[in-house]
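Visitor: Could you walk me through this chain, one question at a time?

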Amino acid sequence: MILKCIKTVAFAALALVCVNVSGQDLLARQAPIDRKLKAVDSLALIRQIKAEQSAYPAYSLYPNWDNERVHVYGTAQVPDSFRIDLTGFCMPTTHTIITSKCGPRWRRMHNGLDIKVYIGDTIRAAFDGKVRIVKYERRGYGKYVVIRHDNGLETIYGHLSKQIVSENEYVKAGDPIGLGGNTGRSTGSHLHFETRFLGEVINPELLFNFPQQDIVTDSYLFVRGANRYSYQRSAAALAAAKNGKSGRNSDGGAIRYHKIRKGDTLGSISRKYHISIDRLCKMNGIRRTTILRIGQVLRCS
Ligand SMILES: [Zn+2]
């Protein structure tokens, strides 16, 4: 009986060794496959990163992410030129009156555009992006918000009465980010709106036409050193926009936009502009289920 037991134990031990050996064989055979999979994985990852970088230039353009200071790009490598995609925008306010332009003012530089708004008016994100700063500056911007957008721009919204986003929060174009106000270095309620690329000021009027509630062009060619306070270009761009020469679609026709009003649906817009809902979605980077916001502007041709 004892002998039988020993035999059984020995047999079991042998069987265990056999399983282990064959298990190890299996593992050994698996190893090259794992290495191959790993290589495929990293290739796929590199491809994915590259795709994301081209879709979201901000990822690769900016050297750092700073929640404290607005102006932190003194040593950043600014490309000689860069095309900024302005489609998918939303006007930050529905107000149309510009009270102060970007440029020299009272013997100092005014780095943004002032648009008349009233205390409590909704201020919206101009593009998709991530909120970098939500702070208060008593002698300057007052209550302000800085957003870094996927297209590479940064926008600053100053003199708000209330900020309604948090730092590091993702926002979509048109999301409310604050309420109009008169805080900081401001006389009379207004929105101080800045557009910057790697810290370099771009006159917002080169990008946005507030009186017409529209963008000036589909994509803005940033040229290093040529965007700062360039009023002549601004005036020319505005004149071109007024004449409907701001952009041409692939058929050579003028690009048309539609500002969302109460009751508008993708269906009603598609019928109005004789364009399919799918095409409308594709051109504006939205889905059929996207909720349209009043004041949002969609490209329609
Ligand atoms: Zn201002």
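Here is our conversation about the fold, its strands and its core.

Guide: Happy to help! This is a predicted model, where local features need pLDDT of at least 70, side-chain atom pairs count only at pLDDT 80 or more, and totals for chains, interfaces and linings use all residues. Residues are numbered from 1 along each chain as its sequence is written.

Visitor: How many helices and strands are there in the chain?
Guide: Helices (H or I, at least four residues) and strands (E, at least two) are taken as DSSP runs, numbered from the N terminus. By that count, the chain holds five helices and 19 strands.

Visitor: What percentage of the 301 residues is buried?
Guide: A residue is called buried if 20 or more other C-beta atoms lie within 10 Å of its own, exposed if 12 or fewer, and partly exposed in between, with C-beta atoms placed from the backbone. Over the 301 residues of the chain, the buried share is 30%.

Visitor: Which faces of β13 are covered?
Guide: Strand β13 spans residues 190-197, and eight of its eight residues are buried. On one side sit H190, H192, E194 and R196, and on the other L191, F193, T195 and F197, all buried. The covered faces are therefore, by the cut-off of 20 or more C-beta atoms, both.

Visitor: Which residue of β13 is the bridge partner of I115?
Guide: Two strands pair if DSSP finds at least two bridges between them. Strand β5 (residues 113-116) meets that with four bridges to β13, in the antiparallel sense. Within β13, the partner of I115 is L191.

Visitor: And which residue in β13 does L153 stand opposite?
Guide: Strand β9 (residues 153-160) also pairs with β13, antiparallel over six bridges. Opposite L153 stands F197.

Visitor: Which residue takes a positive phi in the hairpin of β13 and β14?
Guide: β13 pairs with β14 (residues 200-202) in the antiparallel sense over three bridges, and T195 has I202 as its bridge partner. Two residues lie between the strands of this hairpin, and a positive phi near 50° belongs to L198.

Visitor: Is H159 buried or exposed?
Guide: Most residues other than glycine have a negative phi. H159, found in strand β9, has a positive phi near 70°. Because 29 other C-beta atoms lie within 10 Å, H159 is buried.

Visitor: Is N168 buried or exposed?
Guide: N168 also has a positive phi, near 70°, and is found in the loop between β10 (162-163) and β11 (170-171). Because N168 has 11 C-beta neighbours inside 10 Å, it counts as exposed.

Visitor: Which are the edge strands in the open sheet with the order β6-β12-β10?
Guide: Three strands form this sheet, with antiparallel pairing. Two bridges join β10 to β12 (residues 176-179), where K162 has L179 as its partner. The strands that pair on one side only are β6 (122-124) and β10.

Visitor: Which element gives the largest share of the largest nonpolar core?
Guide: A nonpolar core is a set of buried Ala, Val, Leu, Ile, Met, Phe, Trp, Tyr and Cys residues joined through C-beta atoms within 7 Å. This one has 43 residues, and those touching the most other members are F89, C90, A125, V145, Y157 and L207. Elements giving two or more residues include β5, β9 and β13. The largest share, four residues, comes from β8.
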